[in-house]
Amino acid sequence: MKTALITGITGQDGSYLADFLLKRGYFVVGLKRRTSSICTSRIDHIFNNINFKIEYFNLNDPGSFWRLLLKYRPDEVYNLAAQSHVRVSFETPEETVQSVALGTLRMLDAIRTVDPTGNQIRFYQASSSEMFGDNPNYPFNEESRLMPASPYACAKVFSHNLVRNYRESYGIHASSGILFNHESPRRGETFVTRKITMAAVKIKMGLQDKLYLGNLEAKRDWGFAGDYVKAMWLMLQQDTPDDYVISTGKAYSVQEFLECVFKYAGLDIEKYVDTDSRLFRPQEVPYLLGDSSKAKKQLGWEPKVGFEELAKMMYDSDWNLMCKQVN
């Protein structure tokens, strides 16, 4: 039985990845920060699985990660933990850099020391399409120029380059997945797609009057998180570590996502939606479109869930969630 450590286990990606690995017979150790609130709703359904365990750790405390490496001797480590909200990174840049950049450095250095031959532990780093920033030369692939346009993206570029450096310098089996936007019913409500679907449900139920959004013209390559975690796993099954863009190859604006959800809900956008300049980023990223042909060729990976199906899935899930809460 293989053992996998997943940082950020209580997040969207961590929960889907845990589901995926447990179905494949892994022993999964989920790592989370100690907080005053429990915040485990995304993984409550697997708590009683005998092959799943939660451990506390902190990205700013390298000793806690060392202890877990020595305790479990994992075959695979998936680094999905960080302050991951781009807009928030402008307000808390130091916290973002600490968690994203230095957190990755501490993990890679611990793995290098615990597994000096590089034969036991395989490492996955969650890179981001935000690293391409305002580069106008899309679609983006693994060779595209990185032009980060936020503290979050700058920190991700550091981590991304660090993975390549440790891979080449120390022989660590370390790969980065440059994932474009991926959403799901488990997406946090502060992210624009989930903010839209949840607001549509509440407006439909008479529980909310207005939805306020920022830049409606920004275009993103949106996929389903449940599809994307398979790509993470596939990267660590390869004989040679590498970096891969994971995307759908299609871009839609926030406006188009909004229209899709509100049409499905039978709501009038003009009546219920306004823009709020306070929700705009200090530096906007206008267009993110990925080219995942390398992943298709080398990993055999392709997305399965399309844009409209994803939007409707998220709305239906939020509808069911709110029905349970109000009844």
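**Notes on the cavity and the cores**

1. Let's start with the walls of the largest cavity: helix α4 puts in the most, with 3 residues of the lining. Keep in mind that this is a predicted model. Three elements, α4 (93-114), β5 (122-128) and α5 (151-170), each supply at least two lining residues.

2. Who exactly sits around that space? The lining of the largest cavity is made up of N79, L80, A81, A82, S99, V100, T104, Q125, A126, K156 and S159. By character, that lining splits into 5 nonpolar residues, 5 polar ones and 1 charged.

3. How much space is in the largest cavity? About 50 Å³. Searching the whole structure turns up 1 cavity of 30 Å³ or more.

4. Now for the packing. The largest nonpolar core has 63 residues, and the members touching the most others are L21, Y78 and F262. Helix α7 (residues 225-236) contributes 9 residues, the largest share of this core. A second core lies apart from it, with 24 residues that include L59, L69, A110 and Y166.

5. Y78 deserves a look of its own. Which residues does Y78 contact, once its neighbours within four places in sequence are set aside? From the early part of the chain there are A4, L5, I6, T7, L17 and L21; further along come Y124, M232, W233, L236 and Q237. One of these partners, L21, is named alongside Y78 and F262 among the core residues that touch the most other members.

Note on methods: Residues are numbered from 1 along each chain as its sequence is written. This is a predicted model: local features need pLDDT of at least 70, side-chain atom pairs count only at pLDDT 80 or more; totals for chains, interfaces and linings use all residues. Side-chain values use heavy atoms; hydrogens and water are left out. A nonpolar core is a set of buried Ala, Val, Leu, Ile, Met, Phe, Trp, Tyr and Cys residues joined through side-chain atoms within 4.5 Å. Buried means under 20% relative accessible area, exposed over 50%, partly exposed in between (1.4 Å probe, protein chains only). Helices (H or I, at least four residues) and strands (E, at least two) are DSSP runs, numbered from the N terminus. Contact means heavy atoms within 4.5 Å. On a 1 Å grid over the protein atoms alone, a cavity is a set of points where a 1.4 Å probe fits but cannot get out, and a pocket is an open set with protein on both sides within 12 Å along at least five of seven lines; lining residues have an atom within 4 Å of a point. Grid points are joined across faces, edges and corners, and a volume is the space filled by probe spheres set on the points. Ala, Val, Leu, Ile, Met, Phe, Trp, Tyr, Cys and Pro count as nonpolar, Asp, Glu, Lys and Arg as charged, and the others, Gly among them, as polar.
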